[in-house]
Amino acid sequence: MSCTTKDVTDASSLDAADSSALEEVTVTEESPAPQLTQASSEPEANISELEASATDSLLNDLESGIQYADARARLLQRGWIPVEAPEPGPYGVERMAYDAGFTEVVACAGTGLGQCRFEFVHPDEQKALSVITYGGSDLEVGDWNIQSSVSAQAATPIDNDTIDYVHNAIPMQFQGEWNASLEGCGEPNSDGRLLVGLDQIEFYDSSGTVLEVMTEEELEMMVTSEYSSEGETFIETDSFQLSSDRSTLTDTNTGIVRYRCSDDRTSP
């Protein structure tokens with residue numbers, strides 16, 4: 001009886017020891033796994049959320065319909081720096097905005113909705129901001145977009161003896177409808193027609209979105225645009241020169257001279 005009892009006791013103790021050892025192995029092998037998974041996923045989500053929050057906090061005071069002066073004051077408080085543009089000509093909304101102290105005005109449309117574009121940069125965020133106003137001299141905020149600092153390089157002045165400024169909007173003096181013949185003005189099918197807008201340029205057989213504009217003084221510019229024609233897209237640079245009285249526009253690449261159509265024509 002005593003031997004049997006001892007055997008039973010030893011076996012019970014062995015089973016308990018084996019069971020305890022197995023439990024320890026299981027805990028050792030399985031418990032770190034959830035911690036590794038959690039550590040690898042959470043920081044990525046937090047970084048993404050912080051970046052989005054930082055950008056949103058810089059722009060959350062912009063509202064469509066508010067006066068540009070109010071929007072500008074809010075942007076300055078949040079660290080945005082106006083990018084000074086070349087001084088515009090003596091007339092027009094650009095001149096009015098510039099004289100009011102809004103020296104970041106890039107260009108204004110002389111027709112249509114009367115858009116104006118204003119450029120800012122934020123060094124800490126490495127961002128550039130374009131604010132579009134509508135209503136001509138009313139300067140009401142209508143739209144805005146934010147870009148990376150790489151895209152923003154086109155909005156900053158460059159040090160060059162011949163090129164005055166590089167930006168992404170066409171100055172007002174070049175805007176409007178032009179045609180190789182005045183008789184063709186207003187005719188959509190005229191092959192001599194050229195429409196020049198704030199950020200669009202349209203020939204008879206192709207239309208393009210402006211990517212970059214380089215101006216020399218007030219009468220010459222080179223425009224790089226992404227064009228679409230007959231289902232194909234391509235990038236092309238066109239060069240233009242205004243006459244001193246701004247009544248003709250010469251395409252210096254082709255030699256074609258176009259005449260300014262009536263100001264009541266609508267530009268793109």
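This briefing walks through strand pairing, two positive-phi residues, the nonpolar cores and one pocket. The model is predicted, so please read the values below as computed from it. A good place to start is β13 (residues 248-251), which pairs in the antiparallel sense with β12 and also with β14. β12 is worth keeping in mind, since this strand gives the most to the lining of the second largest pocket.

**Strands β12, β13, β14 and β7**

- β12 and β13 run antiparallel and are paired over 3 bridges.
- Within that pairing, Q241 has T250 of β13 as its bridge partner.
- The two strands make a hairpin with 5 residues between them, and R246 sits in the turn.
- β13 is also joined to β14 (residues 257-260) by 3 bridges, again in the antiparallel sense.
- Two residue pairs place β13 against β14: L249 is bridged to R258, and T248 stands opposite Y259.
- The hairpin of β13 and β14 has 5 residues between the strands, and there G255 takes a positive phi near 85°.
- β14 has a further antiparallel neighbour in β7 (residues 176-179), to which 2 bridges join it.
- On that side, W178 finds its bridge partner in R260 of β14.

**Two positive phi values outside glycine**

- L139 is not a glycine, yet its phi is positive, at about 50°.
- This leucine lies in the loop between β4 (127-134) and β5 (140-148).
- L139 counts as buried because its relative accessibility is 6%, which is under the 20% cut-off.
- R246 is the other case, with a positive phi near 65° in a residue other than glycine.
- R246 is placed in the loop between β12 and β13.
- At 27% relative accessibility, R246 falls between the 20% and 50% cut-offs and therefore counts as partly exposed.

**Nonpolar cores**

- The largest nonpolar core is made of 19 residues, and those with the most contacts inside it are Y68, L75, F118, F120, L129, V131 and L139.
- Helices α3 (68-77) and α4 (92-99) each supply at least two residues of this core, as do the strands β2 (105-108), β3 (116-122) and β4.
- L139 thus appears here again, as one of the residues with the most contacts in the core.
- V131 touches Y68, L75, F118 and F120, which are also on the list of residues with the most contacts inside the core.
- Other residues touched by V131 are C116, R117, V141, D143 and W144, with residues up to four places away in sequence not counted.
- A second, separate core has 15 residues, including V196, F203, M221 and Y227.

**The second largest pocket**

- About 170 Å³ of space lies in this pocket.
- Its lining has 13 residues, and F203, D205, S206, E236 and D238 are the closest to the pocket centre.
- F203 therefore has two roles in this picture, as a member of the second core and as one of the residues closest to the centre of the pocket.
- By type, the lining divides into 4 nonpolar, 4 polar and 5 charged residues.
- β11 (220-229) and β12 (232-242) each supply at least two lining residues.
- β12 gives the most, with 3 residues, and this strand is the one that forms a hairpin with β13.

Methods
Residues numbered from 1 in each chain as written. Predicted model: local features only at pLDDT ≥ 70, side-chain atom pairs only at ≥ 80, totals over all residues. Heavy atoms only, no water. Pairing = 2+ DSSP bridges. Helix = DSSP H or I, 4+ residues; strand = E, 2+ residues; numbered from the N terminus. 1 Å grid on protein atoms, 1.4 Å probe; cavity = no way out; pocket = protein on both sides within 12 Å on 5 of 7 lines; lining within 4 Å. Points joined across faces, edges and corners; volume = space filled by probe spheres on them. Nonpolar A, V, L, I, M, F, W, Y, C, P; charged D, E, K, R; others polar. Buried < 20%, exposed > 50% of the residue type's maximum accessible area, 1.4 Å probe, protein only. Core = buried A, V, L, I, M, F, W, Y, C linked by side-chain atoms within 4.5 Å. Contact = heavy atoms within 4.5 Å.
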